[in-house]
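Let's take a walk through this protein from the inside out. Have the fold open in your viewer and follow along.

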Amino acid sequence: MSAVGELEPVLVVQHVAVEQAGVIGDVLQRRGVPMRVVGPHESLPDGAARDASGIVVLGGPMGVYEADRHPRLREEIAMLQRAVADGKPVLGICLGSQLLAAALEARVYRGTRKELGWFEVTLLPAAGEDTLLRAAPPRFSALHWHGDVFDLPAGARHLASSEQTFHQAFAHGRAWGLLFHLEAPPAQVAAMARAFPEELAEVGTSSDALMADTRRFAADAERVGSAVFDGWAELLSS
């Protein structure tokens, strides 16, 4: 077991500037765990999976199947495969969960329609024994902002669903994929709304409506996220 002061930084991979570590970063900072953020246009560091104490891969508007347009996605999948094989703690959020599913050889594909807004997540029985999601209530509202979905990877534990999307969260060894967002505080949600207004229009909503729901649900979601991400951070020193 490593003391916090001896930990290598957690590698945090961004795909767009407005999707940041948020509550995850707050938890790591509170625990004194350093972070190394790889920005949207930066290359992954050499030996990323080997040298980091854990890996967090955040969201973004691109699809796993668009690696020809976004070649770093292939590198991220290879990094996640190495990290899983090495037993490193991994946390994939939204696109990050899709990349983790792809790294575990599951299919990632377009859903029937975007799931965008604050909707209820329902935990499944396996979540009751899960290192992360056992800290969450059986049902809670979370921000959803995705058009793609994934099949459950072979050997993974199915942890959560929503009314629209059956596979909302899974765990495989010491790696977790969460399709929903518990890391985004209100300021980040507002930044996402400004960055992607066409996606709001596509689902028939507006920034004002989204932010009204954010004011209603974000504080509870942040409490859930803090507890869930604290469970993940605990793994960094074990």
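Which residues are buried in α4? In this helix, L95, G96, S97, Q98, L99, L100, A101, A102 and A103 are buried, where buried means under 20% relative accessible area, exposed over 50%, and partly exposed in between (1.4 Å probe, protein chains only). That is nine of the nine residues of α4 (residues 95-103), so the helix is largely enclosed by the rest of the structure. Helices here are DSSP runs of H or I with at least four residues, strands are runs of E with at least two, and both are numbered from the N terminus.

Before going further, a word on ground rules: this is a predicted model, so local features need pLDDT of at least 70 and side-chain atom pairs count only at pLDDT 80 or more, while totals for chains, interfaces and linings use all residues. Residues are numbered from 1 along each chain as its sequence is written, and side-chain values use heavy atoms, with hydrogens and water left out.

Now look at the two ends of α4. Ahead of the helix, C94 lies in the loop between β4 and α4. Its phi is near 55 degrees, a positive value in a residue other than glycine. C94 counts as buried, at 3% relative accessibility. After the helix comes E105, which sits in the loop between α4 and β5. E105 isn't a glycine either, yet its phi is positive, at about 70 degrees. Unlike a buried residue, E105 is exposed, with a relative accessible area of 73%.

Step back along the chain from C94 and you come to the strands. Three bridges join β3 to β4 (residues 90-93), and the two run parallel; strands count as paired if DSSP finds at least two bridges between them. Within that pair, V56 has L91 as its bridge partner in β4. β3 also pairs with β1 (residues 10-13), through four bridges and again in parallel, and here L11 is matched with I55. In a regular strand the side chains alternate between the two faces of the sheet. β3 (residues 54-57) is covered on both: G54 and V56 on one side and I55 and V57 on the other are all buried.

What about the greasy interior? A nonpolar core here is a set of buried Ala, Val, Leu, Ile, Met, Phe, Trp, Tyr and Cys residues joined through side-chain atoms within 4.5 Å. The largest one has 54 residues, and I24, L91, F140, F180, L182, F229 and W232 touch the most other members. Helix α7 gives the most to this core, with ten residues. Try clicking on W232: leaving aside neighbours within four places in sequence, W232 is in contact (heavy atoms within 4.5 Å) with V10, L28, G54, I55, V56, P89, V90, L91, L132 and W176. Apart from this core lies another, of 32 residues, including A49, A67, L80 and L179.

Next, the empty space. Rolling a probe the size of a water molecule over the atoms shows where empty space is left. On a 1 Å grid over the protein atoms alone, a cavity is a set of points where a 1.4 Å probe fits but cannot get out, and a pocket is an open set with protein on both sides within 12 Å along at least five of seven lines; lining residues have an atom within 4 Å of a point. Points are joined across faces, edges and corners, and a volume is the space filled by probe spheres set on them.

There is one cavity of 30 Å³ or more, with a volume of about 40 Å³. Its lining is V23, W118, H181, L182, E183, A184, A218, A221 and E222, and α7 (residues 207-234) gives the most, with three residues.

The largest pocket holds about 340 Å³. Of the 24 residues lining this pocket, P61, M62, K114, G147 and D148 are the closest to its centre. β5 (108-123), β6 (139-150) and α6 (197-202) each give two or more residues to the lining.

One last stop is Q188, in helix α5 (residues 186-195). Q188 counts as buried, at 6% relative accessibility, and its contacts beyond four places in sequence are V18, E19, Q20, G22 and E183. That last residue, E183, also lines the largest cavity.
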